[in-house]
Amino acid sequence: MTAVFDIEALQVDLPLGGALWPRLIGKAAPRLNILSDITLSIASGESLGLVGESGSGKTTLARAMLGLMPASSGTMRFEGAPLGSRASFTALRRQTALMFQDPVASLSPRMRVGALVTEPFVIHREPMGNRRERARELLETVGLPAAIAERFPHELSGGQARRVCVARALALTPRLVLADEPTAGLDVSVQGEVLNLMSGLRDRLNLSFMIISHNLAMVRHVTDRIAIMYLGRLVESGPTAQVFANPRHPYTASLIAAEPHPDPRRRRDDLAIKGEIPSLLQRPAGCEFHTRCPRATDRCRVEPPALRAIAPGWQARCHLAEPEPT
Ligand SMILES: Nc1ncnc2c1ncn2[C@@H]1O[C@H](COP(=O)(O)OP(=O)(O)OP(=O)(O)O)[C@@H](O)[C@H]1O
Ligand code: SF4
Ligand SMILES: [Mg+2]
């Protein structure tokens, strides 16, 4: 499969203390490292799940991919073409849709649905032909009747509003959709409805998805590959089914073990993560997960683990990760 998006050794640092710092003390502000050594690719028609506790850097990664957050180093390519210049990101945003953490709140309350779903054409100055006709087509794609075009956002149900957000995301026929918590805050039945819609569109339009979520059960159900982040680094990435069946990084194992299980005897308390996430200002030495890892050894406290290959397309950043027997 060809890659739609390629990221290699991406690093994102932000200046601490804001823009005033250099003027106050006369030298460059210290920088906080948010993302480090991120290497990842999303194939055409693939759905990638990005998981990790709050503050692990998932949204920052999505923003950096779209050029909304500057990269300090590393390279990114969209369909093989390098990203970096302003023009390259403008062209990218035309072909990539970002669904925010609370997409419904981002719908302007004074615009009718018909105008909302076709607004991307106006923003990107793209010809859309007959606006009413285009709105009807987009609403049809997400399974909504044409009459909804006349309504305002507050007149929609939760499920309808999400569908409008998806229609809006699809307006310019993107190649890649970055969806940040696409089902957060929805009832279980509406969650299923939105996910079915997204996977149907993926098959029909050969879209690629990056789905950011805390909901592991959902990620397991709808993604082909999964990437797990801790303190701004990828600690494991691989095929979803294999990673869930046999996670190789203790952090991945802990996240999976923390998922509610219908059979309490299957709960793995020995895998539970201990303590709090360390501050980005005081990254632990050695393996950054050692302060919470149930399997940490003395070596882990001093030596940072490299990414180790488990099998083709599957890697884990842990001293104990062994390759799959061939
Ligand atoms: N503009 C910023 N300035 C300073 N720190 C930031 C900025 N944006 C993000 N951060 C920090 O970067 C880290 C990663 O944040 P990010 O929002 O990417 O996490 P996340 O994985 O999306 O979390 P959540 O699951 O809660 O959405 C956090 O520690 C956050 O405080
Ligand atoms: S390297 Fe050590 S501390 Fe880090 S995840 Fe592996 S076992 Fe745990
Ligand atoms: Mg986030």
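**Close-up views of the predicted model**

**View 1. The largest nonpolar core.** This core holds 75 residues. Those that touch the most other members are Leu50, Val117, Leu139, Val177, Leu178, Met210 and Ile228. The model is predicted. In soluble globular proteins, nonpolar side chains tend to be buried together.

**View 2. Contacts of Val117.** Neighbours within four places in sequence are left out here. Beyond them, Val117 is in contact with Ala135, Leu138, Leu139 and Val164. Ala167, Arg168 and Ala171 are further contacts of Val117. Leu139 is also listed with Val117 among the core residues that touch the most other members.

**View 3. Leu144 in its loop.** Leu144 sits in the loop that joins helix 5 (131-141) and helix 6 (158-170). Leu144 counts as buried because 22 other C-beta atoms lie within 10 Å, against a cut-off of 20 or more. Leaving aside neighbours within four places in sequence, its contacts are Leu139, Gln160 and Arg163. Phe89 is 55 residues away along the chain from Leu144, and their C-alpha atoms are separated by 32 Å.

**View 4. Helix 2 and its buried face.** Helix 2 covers residues 58-65. Its buried residues are Lys58, Leu61, Ala62, Ala64 and Met65. Seen down the helix axis, they fall within an arc of 165 degrees, so they line one face of helix 2. An α-helix has 3.6 residues a turn, so residues three or four places apart point the same way. Gly67, just after helix 2, takes a positive phi of about 80 degrees.

**View 5. The shell around ligand 1.** Leu14, Ile34 and Leu280 belong to this shell, as do Gly52, Ser54, Gly55, Ser56 and Gly57. Lys58, Thr59 and Thr60 complete the surroundings of ligand 1. Helix 2 supplies the largest share of the shell, three residues. By type, the shell divides into three nonpolar, seven polar and one charged. Lys58 is also one of the buried residues of helix 2.

**View 6. The shell around ligand 2.** Here 13 residues surround the ligand. Closest are Cys287, His290, Cys293, Cys300 and Cys318. The shell around ligand 2 comprises nine nonpolar, three polar and one charged.

**View 7. The whole chain, for context.** The protein chain has eleven helices and twelve strands. Its C-alpha trace spans about 65 × 60 × 35 Å along the principal axes. With 326 residues, a compact globule would have a radius of gyration near 20 Å, and the 21 Å of the chain agrees. Of the 326 residues, 37% count as buried. Among contacts with a separation of 6 or more, 62% join residues 24 or more positions apart.

Definitions and conventions:
Residues numbered from 1 in each chain as written. Chains lettered and ligands numbered in written order. Predicted model: local features only at pLDDT ≥ 70, side-chain atom pairs only at ≥ 80, totals over all residues. Core = buried A, V, L, I, M, F, W, Y, C linked by C-beta atoms within 7 Å. Buried ≥ 20, exposed ≤ 12 C-beta atoms within 10 Å, placed from the backbone. Contact = placed C-beta atoms within 7 Å. Near = placed C-beta within 6 Å. Nonpolar A, V, L, I, M, F, W, Y, C, P; charged D, E, K, R; others polar. Helix = DSSP H or I, 4+ residues; strand = E, 2+ residues; numbered from the N terminus. Arc of directions from axis to C-beta. Rg over C-alpha atoms; globule rule 2.2 N^0.38 Å.
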